[in-house]
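Q: I'm new to this structure and would like a close look at a single part of it, the largest pocket. Could you walk me through what surrounds that space and how the rest of the protein is laid out around this part?

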Amino acid sequence: VHRDIKPDNIFLLKEPEPSGVSVKIVDFGIAKLSDAKDPKNQQLTKVGEVFGTPFYMSPEQCMGLRVDGRSDIYSLGCALFESLTGTPPFRGINSMETMMMHQNDVPPTLEKASHGTKFPESAEFLIAKALAKEPMDRYQSMEQLKQDLNKILEGKDLNALPYLNLNENKGQANNN
């Protein structure tokens with residue numbers, strides 16, 4: 001688990017490697033092995049400690065709870081959101097407010113954050129799913145996220161509307 005996925009830690013290579021890789025993730029300074037057998041390795045940080053960059057931290061990471069790969073999926077969702085709109089999904093007046101927004105606020109749509117730019121429903125769906133508050137509602141693996149990204153590139157529909165409507169209803173319930 002990287003725990004600090006953000007645009008500054010994602011590098012696009014000028015030329016793909018022989019394996020076909022054209023993106024590199026860097027800065028594993030606060031990374032943690034999720035399946036480590038050595039219990040001492042898991043003591044590098046403890047539940048209750050908070051590490052990361054607030055603009056890109058998952059709700060569970062903001063609360064100092066245990067994180068897994070789905071936290072990195074949330075962070076990648078934040079980075080993709082910013083890449084598409086020019087702004088992170090949440091920006092408070094300070095780090096604490098930003099972290100509270102990750103925990104409590106419904107992220108805006110790409111269209112709203114970009115002041116009216118239209119995005120395909122599939123892109124809105126992908127970002128909304130990556131930014132789901134509950135880890136169980138997010139993509140469960142980067143492989144699943146990659147598959148949906150490829151579908152979008154192929155022009156296929158991700159059946160976005162049911163999830164987006166569910167997310168909007170959750171937000172309305174939280175705002176009442």
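A: Happy to! A word on terms before we start: helices and strands here are DSSP runs, numbered from the N terminus, and a residue counts as lining a pocket when it has an atom within 4 Å of one of the pocket's grid points. Please keep in mind that this is a predicted model.

Let's begin with the whole chain. The protein has 176 residues, and 39% of them count as buried. Its elements are seven helices and two strands; read from the N terminus, the order is β-β-α-α-α-α-α-α-α. Among contacts with a separation of 6 or more, 57% are between residues 24 or more positions apart. On the outside, the protein exposes about 10,600 Å², with carbon and sulfur atoms supplying 55% of that area.

Now for the part you asked about. The largest pocket holds about 630 Å³ of space. It is lined by 17 residues, and those closest to its centre are I10, V23, I25, L76 and L149. Which elements give two or more residues to this lining? They are the strands β1 (10-12) and β2 (23-25), together with the helices α2 (69-85) and α6 (142-153). Of these, α6 gives the most, with five residues.

What sort of residues make up the lining? By class, 13 are nonpolar, two are polar and two are charged.

To find the pocket in the view, you could start from I10, V23, I25, L76 and L149, the lining residues closest to its centre, and then look along α6, which contributes five residues to the lining.

Conventions. Residues are numbered from 1 along each chain as its sequence is written. This is a predicted model: local features need pLDDT of at least 70, side-chain atom pairs count only at pLDDT 80 or more; totals for chains, interfaces and linings use all residues. Side-chain values use heavy atoms; hydrogens and water are left out. Helices (H or I, at least four residues) and strands (E, at least two) are DSSP runs, numbered from the N terminus. Buried means under 20% relative accessible area, exposed over 50%, partly exposed in between (1.4 Å probe, protein chains only). Contact means heavy atoms within 4.5 Å. Accessible areas come from the Shrake-Rupley method with a 1.4 Å probe; for residues, only the protein chains shown count as cover. On a 1 Å grid over the protein atoms alone, a cavity is a set of points where a 1.4 Å probe fits but cannot get out, and a pocket is an open set with protein on both sides within 12 Å along at least five of seven lines; lining residues have an atom within 4 Å of a point. Grid points are joined across faces, edges and corners, and a volume is the space filled by probe spheres set on the points. Ala, Val, Leu, Ile, Met, Phe, Trp, Tyr, Cys and Pro count as nonpolar, Asp, Glu, Lys and Arg as charged, and the others, Gly among them, as polar.
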